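Dear colleague,

I am handing over the structure we spoke about, and below it I have written down what was found, in an order that I hope is easy to follow with the model open beside you.

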Amino acid sequence: MARDPRYDILFEPVQIGPVTAPNRFMQAPHCNGMGRMYPDSMIAMRGMKAEGGWGIVATEQCDFHPTGDVTPFTETRLWGEMDVPYLAGMVNAVQKHGGLAAVELVHNGHDTGNIYSREVPIGPMHRPVTWRDHPVQARAMDLSDIRDYRRWHRKAALRARDAGFDIVVVYAGHDGTMPSHFLSRRHNQRGDEYGGSLENRLRLYRELLEDTLDAVGDTMGVIARFAVDEMMGPDGLEWQNEGRDAIEMLAEIPHMWDVNVSNWENDSKTSRFAPEGYQEEYIAFVKQVTSKPVSTVGRYTSPDAMVSAIRRGLVDMICAARPSIADPFLPNKIKEGRVEDIRECIGCNICAAWNNVSAPTRCTQNPTMGEEWRKGWHPEKIAPKSTDSHVLVVGAGPAGLEAAHQLGKRGYRVTLADAAAQAGGRVTRESTLPNLNVWARVRDYRLGQIAPMVNVDLYLNSELNADEVLEFGADHVALATGATWRRDGVGRHIRNPIPGADTSNSFSPDDLMDEKRPDKGPVVVYDDDHYYMGGMMAELLAGEGYQVTLVTPGLCVSSWTEHSLEQEHIEKRLVGMGVEILPRHSVLSLGDGVVQLENLVTGETLARQGTLVPVTMRLPNDALFDALSADQGKLAAAGIKSLRRIGDCYGPATIAAAVYEGHRYARELDAEADPDGVPFKTVKYDLELGG
Ligand code: ADP
Ligand code: SF4
């Protein structure tokens with residue numbers, strides 16, 4: 001299909017100093033939990049972005065000195081010559097598809113505890129380090145330290161050129177880098193020429209930009225990545241004040257400005273807390289004060305929104321991390337007039353979360369993210385079928401939909417059946433919760449893809465029992481029947497059902513999503529799941545006027561969402577809605593309209609009136625599997641060659657995990673696998689010692 005000419009502007013080249021980006025798409029620097037630890041995985045993932053049409057593909061943060069050691073995070077590193085080869089591998093992977101490779105040089109200043117390098121941390125002032133409250137202090141840099149620092153940065157830029165990079169990103173963002181620490185009034189109360197006035201606090205950043213231009217600016221583009229607002233009012237940088245002044249003072253120095261808001265929790269807000277393009281109001285002034293190209297992020301997935309931001313004079317390039325993870329081929333799909341094929345990011349931050357626990361990133365929408373090298377998975381390509389099998393997939397939630405989509409793409413005949421009137425399973429249900437409507441994209445993308453496939457049939461309102469499955473005549477059966485929230489409180493902390501809990505006084509998340517409600521009155525949400533659902537149930541009920549107490553054995557509400565960058569936003573929202581939060585508490589019993597609680601620190605008991613909403617764990621819906629697998633003879637007689645459970649009915653977990661398992665099932669159908677082997681390639685070691 002021909003491209004809509006309105007989108008032509010997205011494919012114009014952009015001059016960045018001595019280099020030219022082939023289009024207006026820049027894959028923003030983004031952490032991915034692979035970096036230097038799993039370099040083949042990182043290289044293949046970056047190469048995939050370039051193959052998909054991103055004109056600039058950047059590294060994640062690339063640390064350039066042992067005094068800024070980010071252990072246990074797994075970023076890229078350019079400490080010395082030894083780091084050049086694997087980064088050159090990434091450069092090749094990008095350039096061979098016509099993209100420009102950018103390196104983001106970073107030193108996290110007083111944030112890092114340097115727990116691997118054991119170097120004494122450095123920063124503008126004597127301060128305890130911020131990450132993880134390590135018992136370590138950063139030392140105030142003197143003028144000779146600053147000279148050393150500038151030299152390290154300059155040498156790193158030269159090494160980046162040796163690795164073949166086209167662009168250096170000089171990074172002052174996220175309240176997490178040395179130049180941003182120097183810029184900040186709350187971090188910098190120095191009395192020398194690097195403290196005091198804005199000009200002085202900005203001096204280090206100006207010098208880094210000038211040093212970089214001097215060292216490599218004749219052949220490489222130099223991009224200033226700069227946060228213009230810290231979203232903390234006058235206590236931090238504001239775009240109307242010093243944020244704007246700083247850009248004005250440095251306006252013409254870099255070859256390009258990549259601007260955003262700070263910190264990371266604000267820069268990468270989930271869709272629960274911010275819509276697409278949410279940074280525009282903060283960065284709108286930048287193009288008015290510089291003649292250099294400007295880019296910004298904002299979870300842009302719609303080409304109309306991208307074109308609009310360019311036409312309105314806000315930006316010249318669209319910078320994107322999450323949209324490029326969810327769909328590495330987003331630019332090419334727009335270019336080829338295939339906008340409806342874009343796998344739009346849902347803004348859930350699963351990608352950030354797994355990086356933040358130092359594991360390879362994964363993505364709810366794109367199950368091939370991180371698997372490009374180790375499993376050889378391509379986001380757009382899959383091997384054709386090797387048999388003429390007919391596959392029955394029971395359950396059209398994320399696992400079943402993804403399996404059916406990919407099996408259909410392979411050419412198998414697929415029947416997808418679901419008991420519900422609407423496809424989507426948990427995604428359809430959860431997307432009706434407050435501010436989660438964007439999550440429905442997980443369903444809608446896949447429904448859109450299978451709709452034109454003549455070999456895939458979807459039957460709704462079709463609850464299947466074992467006899468019906470046996471009679472169906474499929475060669476392979478995949479059960480994707482999901483899981484159900486427990487209603488009795490059993491989970492991590494409580495190991496036996498809460499005494500007194502029954503269907504009259506205890507409502508699970510499934511009950512609430514089925515629109516059942518307790519009588520008006522107080523409600524106790526007991527969250528031992530620690531991800532979003534507990535806080536979400538509290539938000540849902542408080543929004544409907546219930547008086548809500550949230551009880552959790554955890555240290556804070558929705559504690560795991562610290563990793564998805566949402567915890568503070570959730571806590572703030574719940575407190576703002578009047579929810580009472582009791583961390584380090586558990587439930588003892590239920591009865592007579594009273595929930596008995598226990599303070600886990602003091603052992604003290606206390607009571608709250610009301611109904612209980614336990615959010616603890618889910619049990620697989622595997623009755624159909626049990627019935628089918630009970631008689632292997634019947635399975636064989638029915639001609640069923642394999643019976644598998646996928647997604648939540650096998651192992652309840654995230655939506656991302658269900659999509660991944662559905663994808664994996666489709667990839668591996670009819671393939672020989674070694675049941676005792678590692679199901680992916682692992683890093684090859686090149687050791688100085690050893691056999
Ligand atoms: P997952 O996250 O693993 O994809 P979901 O809970 O989202 O699981 O989806 C499970 C789907 O399976 C639901 O849409 C549900 O209606 C459907 N389902 C469960 N049991 C049956 C059955 N026996 N026959 C048909 N559909 C079923
Ligand atoms: Fe978007 Fe979620 Fe994928 Fe991250 S994990 S890219 S937020 S869909």
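Leaving out residues up to four places away in sequence, E280 touches Y300, A309, R312 and L314. Please keep in mind, as you look for these contacts, that this is a predicted model. E280 itself is found in helix α9, which covers residues 280-283, and because its relative accessible area is 16%, below the limit of 20%, E280 is classed as buried.

A second glutamate, E371, lies in the loop between α14 (350-356) and β15 (390-394). Is E371 buried or exposed? With a relative accessibility of 6%, E371 counts as buried, and once its neighbours within four places in sequence are set aside, E371 is in contact with G376, W377 and Y660. It is also worth finding K681 in the model, since E371 and K681 are 310 residues apart in sequence, while their C-alpha atoms are 9.5 Å apart in space.

The last glutamate to look at is E463, which is placed in the loop between β17 (456-459) and α18 (466-472). E463 counts as exposed, because its relative accessibility is 64% and the word is used for values over 50%. Which residues gather with E463 in a patch of negative charge on the surface? They are D467, E468 and E471.

With best wishes

Notes:
Residues numbered from 1 in each chain as written. Chains lettered and ligands numbered in written order. Predicted model: local features only at pLDDT ≥ 70, side-chain atom pairs only at ≥ 80, totals over all residues. Heavy atoms only, no water. Patch = residues over 30% accessible without salt bridge, like charges linked within 9 Å, V, L, I, M, F, W, Y side chains within 5 Å. Areas by Shrake-Rupley, 256 points an atom, 1.4 Å probe, with all protein chains shown as cover. Salt bridge = Lys/Arg side-chain N within 4 Å of Asp/Glu carboxyl O. Lys, Arg positive; Asp, Glu negative; His and termini not counted. Charge placed at Lys NZ, Arg CZ, Asp CG, Glu CD. Helix = DSSP H or I, 4+ residues; strand = E, 2+ residues; numbered from the N terminus. Buried < 20%, exposed > 50% of the residue type's maximum accessible area, 1.4 Å probe, protein only. Contact = heavy atoms within 4.5 Å.
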